[in-house]
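Work through the following exercises with the sequence and the structure open beside you. Try each task before reading the solution under it.

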Amino acid sequence: MSAEKELRVRPIRDGTVIDRILAGQAMNVLKILGIKGAYSDVVTMAMNVPSKELGQKDIVKIENRELEEKELDKISLISPGATINIIRDFEVADKYQVELPEMVEGMVKCINPNCISNTKEPVISKFEVKKDPVQLRCIYCENIIMENIAEHLL
Amino acid sequence: MRFERRHIISMKDFTRDEMDYILDRATKLEPLARGGRSDLLAGKILALLFYEPSTRTRMSFETAMLRLGGGVLNLGSKEATSIVKGETLADMIRVVSTYSDAIVQRHPSEGSALMAAEFSSVPIINGGDGAGHHPTQTLLDLYTIRKESHLDNLDIAIVGDLKYGRTVHSLTYALSLYGANITLVSPPQLKMPDQIKADLKARGARVRETENLEEILDSIDVLYMTRIQKERFPDPTEYKKMAGAYKITIEHLENVRDSMIIMHPLPRVYEIDSSVDTSSHARYFEQSFYGVPIRMALLTIVMGVEV
């Protein structure tokens with residue numbers, strides 16, 4: 001058991017551990033980070049890891065990379081309880097929970113094909129964000145996205 | 001009340017006090033709307049950007065502007081403009097706002113009026129954005145109800161396509177601010193979405209639903225009919241059946257309140273039989289006229305002219 005645990009949490013020198021990801025969302029987190037296939041650094045992904053609080057969770061570890069604000073905002077939309085651990089020289093240099101922004105711009109595509117944000121007009125999509133559960137309301141056409149948010153991320 | 005240079009995009013931008021202010025202004029201007037001319041907006045220019053067909057909205061804005069002594073710029077047919085060359089709405093707005101003091105816009109995309117407001121240097125008045133908002137229709141509906149019936153303690157039945165109809169969503173929102181008793185009458189497949197009903201109740205409206213138009217006719221002050229589009233029904237037999245159940249004829253009016261009025265945003269198709277037109281309850285043509293004083297009021301307000 002301990003060997004198994006050790007393998008899952010093998011320490012990294014520098015990078016980011018994204019913990020407490022909603023079970024089933026790890027692949028979407030990789031997509032947000034642009035990791036689709038070939039990638040230069042070590043990436044570890046664990047799915048459906050037993051968790052006392054959550055029942056199950058996913059974990060993603062990326063070596064030699066710290067995340068940008070836009071990436072954190074996108075992760076918060078699909079997994080608002082995720083925590084970010086910044087690792088520097090094997091130490092946890094910083095640890096925090098992702099925070100849902102009040103508004104997201106240019107991150108999500110509106111589900112309404114007739115929305116002005118889905119035309120050739122020079123307009124960036126804007127959504128108001130509501131919590132528990134996460135709901136995105138398009139400020140242009142007022143359509144609400146509640147399900148499969150990952151599918152609508154730009 | 002601060003309205004000058006403000007955009008008119010959605011009824012949700014208005015408080016009840018602001019709605020009352022616009023209705024009061026329209027009351028003052030109504031005699032002028034019935035015939036006459038003033039120079040309140042002399043030297044001002046209103047641009048009409050209609051990317052979709054419109055009869056009442058476009059013509060009543062034109063009438064309103066002419067009665068107030070102002071001028072009107074019309075986009076004309078799409079073929080004669082740079083739209084055919086692929087010009088964006090954003091560029092069109094940037095340009096036309098330098099030619100005019102306000103712009104009335106109708107465009108097929110939802111959210112187009114809000115986007116236009118981001119690019120315009122003059123007030124944008126939303127004359128309909130796809131299935132989105134049409135605030136001046138709601139204001140003229142409120143004006144009609146206040147003038148021909150009453151807004152306080154109102155019992156109103158709204159009939160037709162309550163699922164997709166933009167007019168209905170805007171109107172029920174506004175009526176909820178007046179604490180109206182709203183009866184929603186529709187076939188099951190065109191019921192008002194639950195979220196909208198919950199919002200209405202949260203704001204103070206009392207809402208009930210029925211599929212049976214006849215059972216509620218004797219207990220209402222206003223009967224607001226709307227058109228149900230044939231396209232909503234994949235089965236033509238189903239459409240025919242439904243069309244019969246939501247049509248009002250003179251026979252239906254035997255037991256209604258004497259003061260009950262019938263409204264319709266027009267154009268009507270089958271929903272109101274022409275036999276109703278001459279009854280004392282019909283108000284849909286007056287309602288259409290009230291678009292003029294309401295639009296006169298809005299134009300003077302956004303252009304910052306006192307009346």
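A salt bridge is counted here when a side-chain nitrogen of Lys or Arg lies within 4 Å of a carboxyl oxygen of Asp or Glu. Keep in mind throughout that the model is predicted.

**Exercise 1. Salt bridges**

Task: State how many salt bridges the structure holds over all chains, and explain what the pair R16(B) and D152(B) ties together.

Solution: Begin with the total, which comes to 24 salt bridges when all chains are taken into account. Next, turn to R16(B) and D152(B), whose closest N and O atoms are 3.6 Å apart, so that the pair falls within the 4 Å cut-off. Finally, locate the two partners: R16(B) belongs to helix 1 of chain B, whereas D152(B) sits in the loop between helix 5 (135–148) and strand 5 (155–159) of chain B, and therefore the pair ties together parts that are 136 residues apart in sequence.

**Exercise 2. Two helices that cross**

Task: Describe how helix 1 of chain B and helix 9 of chain B cross, and find which kinds of residues make up their contact.

Solution: Two packed helices are described by the angle between their axes and by the distance between those axes. For helix 1 (residues 16–33) and helix 9 (residues 284–302) of chain B, the axes come within 8 Å and cross at roughly 115°, and the crossing is right-handed. Now look at the side of helix 1 of chain B, where the residues in contact include L23(B), A26(B) and L29(B), while those that helix 9 of chain B brings include F289(B), P293(B) and M296(B). Sorting the residues of this contact by kind gives 16 nonpolar, one polar and two charged.

**Exercise 3. Where chain B touches chain A**

Task: Work out the area buried between chain B and chain A, and which helix of chain B gives the most residues to the side that touches chain A.

Solution: The size of an interface is often given as the accessible area lost when the parts come together. Between chain B and chain A this buried area is about 1200 Å², and carbon and sulfur atoms give 51% of it. The contact draws 17 residues from chain B and 14 residues from chain A. The interface has two salt bridges, and one is formed by the side chains of K12(B) and E142(A), at 3.9 Å from N to O. Helix 3 (89–99) and helix 4 (112–119) of chain B each supply at least two residues of the side of chain B that touches chain A, and helix 4 of chain B gives the most, with five residues. That side of chain B divides into six nonpolar, seven polar and four charged residues.

Key: Residues numbered from 1 in each chain as written. Chains lettered and ligands numbered in written order. Predicted model: local features only at pLDDT ≥ 70, side-chain atom pairs only at ≥ 80, totals over all residues. Heavy atoms only, no water. Axes fitted to C-alpha atoms, helices over the stretch in contact; angles between N-to-C directions. Helix = DSSP H or I, 4+ residues; strand = E, 2+ residues; numbered from the N terminus. Left-handed = near helix turned anticlockwise from the far one by under 90°. Contact = heavy atoms within 4.5 Å. Nonpolar A, V, L, I, M, F, W, Y, C, P; charged D, E, K, R; others polar. Buried area = accessible area lost by both parts, 1.4 Å probe.
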